[in-house]
Every structure is written in C-alpha cells, then in structure tokens.
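This report describes the fold of one protein chain, its main pocket and a few backbone details. The sequence and model come first.

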Amino acid sequence: MKNILFIASEGVPFIKTGGLADVVGSLPKGIDKEYYDVRVILPKYNCMHQDKKDMLHYRDHFYMEFNWKNEYVGILEAEYDGIKYYFIDNEYYFKRGTLYGHYDDAERFAFFSRAILEMLP
C-alpha cells in the first residue's frame, strides 16, 4: 500500500474560505483506498466551528525550535468519511478570528510547514 499525504491551509469539512478547501475535501475521497492510505494535515484554527473542534482528539505533542523560540506543536486527529485528518495546534499562530490576512502569515505557515516536517518521523 502506498501513502499519500495532503497538506493544506484549509479543507472541507473542517474549515473553508475558498476553492482550495473544496479540493482538499473532495480529492482524498476519490482515491482508491484499496491501494492508497490517504491522510490530510491542516492547521487547528480557533475559528473552526465548535462541532468540528469536538471531533478532534489529542494524539501527541512536542516542542521544536522555531524563530529562536521553543514552540509547542500539538497534534490532534479526526476521521471523516474514511479519511484520517491531523491538525497542527499552536495557539500563538492559529488562535485567530480568521485564517488569512495577518501581518505574520508567512511566519505562521512557515511554522506549520516546519511542524509537519518535524512530526513525520
């Protein structure tokens, strides 16, 4: 079995602002589960609807050096429509009222990318 990992800043049904979320929500479901193990990683945004947050379960956490600080990285998971979703949690970067449009978006998504690289092993 081969593994496919989708990494995105948004995805249906958990959080959506545009078309990217639709693609991330539909494409993994269209891949043959007999041959591929498909999973998705998203940020755990504070602005997700509460019913979606209630689906998340704590899996693990670690600390990583980022931007000259030792940053917390929480990993939560949920399963939806046969797809396993992981969520990167860090309140400093993702506890915001909106997904995008912040002065530090580049730093936020650099953190997200680095956290994923650190969690993979």
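In what order do the five strands form the open sheet? The order is 1-2-5-4-3, and the pairing is mixed. Strands and helices here are DSSP runs (E, at least two residues, for strands; H or I, at least four, for helices), numbered from the N terminus. Two strands pair if DSSP finds at least two bridges between them.

This is a predicted model, in which local features need pLDDT of at least 70 and side-chain atom pairs count only at pLDDT 80 or more, while totals for chains, interfaces and linings use all residues. Residues are numbered from 1 along each chain as its sequence is written, and side-chain values use heavy atoms, with hydrogens and water left out.

**The sheet**

Strand 1 and strand 3 are the edge strands, each pairing on one side only. From one strand to the next the twist averages 25°, with axes fitted to C-alpha atoms and angles running from 0 to 180 degrees between N-to-C directions. Strand 1 and strand 2 run parallel and are joined by six bridges. Between these two strands the chain passes through helix 1 (residues 19-26), in a right-handed β-α-β crossover. Right-handed means that, with the strands pointing away from the viewer, the path from the first strand over the helix to the second runs clockwise. Strand 2 also pairs with strand 5 (residues 83-89), in the parallel sense over five bridges.

| Residue | Opposite residue | Strand of the opposite residue |
|---|---|---|
| I4 | V38 | strand 2 |
| F6 | V40 | strand 2 |
| I41 | Y86 | strand 5 |

Helix 4 (residues 105-119) lies across strands 1, 2, 3, 4 and 5, at about 110° to strand 3.

**The largest pocket**

The largest pocket holds about 280 Å³ of space. A pocket is an open set of points on a 1 Å grid over the protein atoms alone, where a 1.4 Å probe fits, with protein on both sides within 12 Å along at least five of seven lines; lining residues have an atom within 4 Å of a point. Grid points are joined across faces, edges and corners, and the volume is the space filled by probe spheres set on them. Of its 13 lining residues, R39, I41, Y86, M119 and L120 are the closest to the centre. Strand 1 (2-7), strand 2 (36-43) and strand 3 (57-66) each supply at least two lining residues.

**Backbone details**

The peptide bond from V12 to P13 is cis, with omega near 15°. P13 is in the loop between strand 1 and helix 1. N67, in the loop between strand 3 and strand 4, has a positive phi of about 55° although it is not a glycine.

Technical notes:
Contact = heavy atoms within 4.5 Å.
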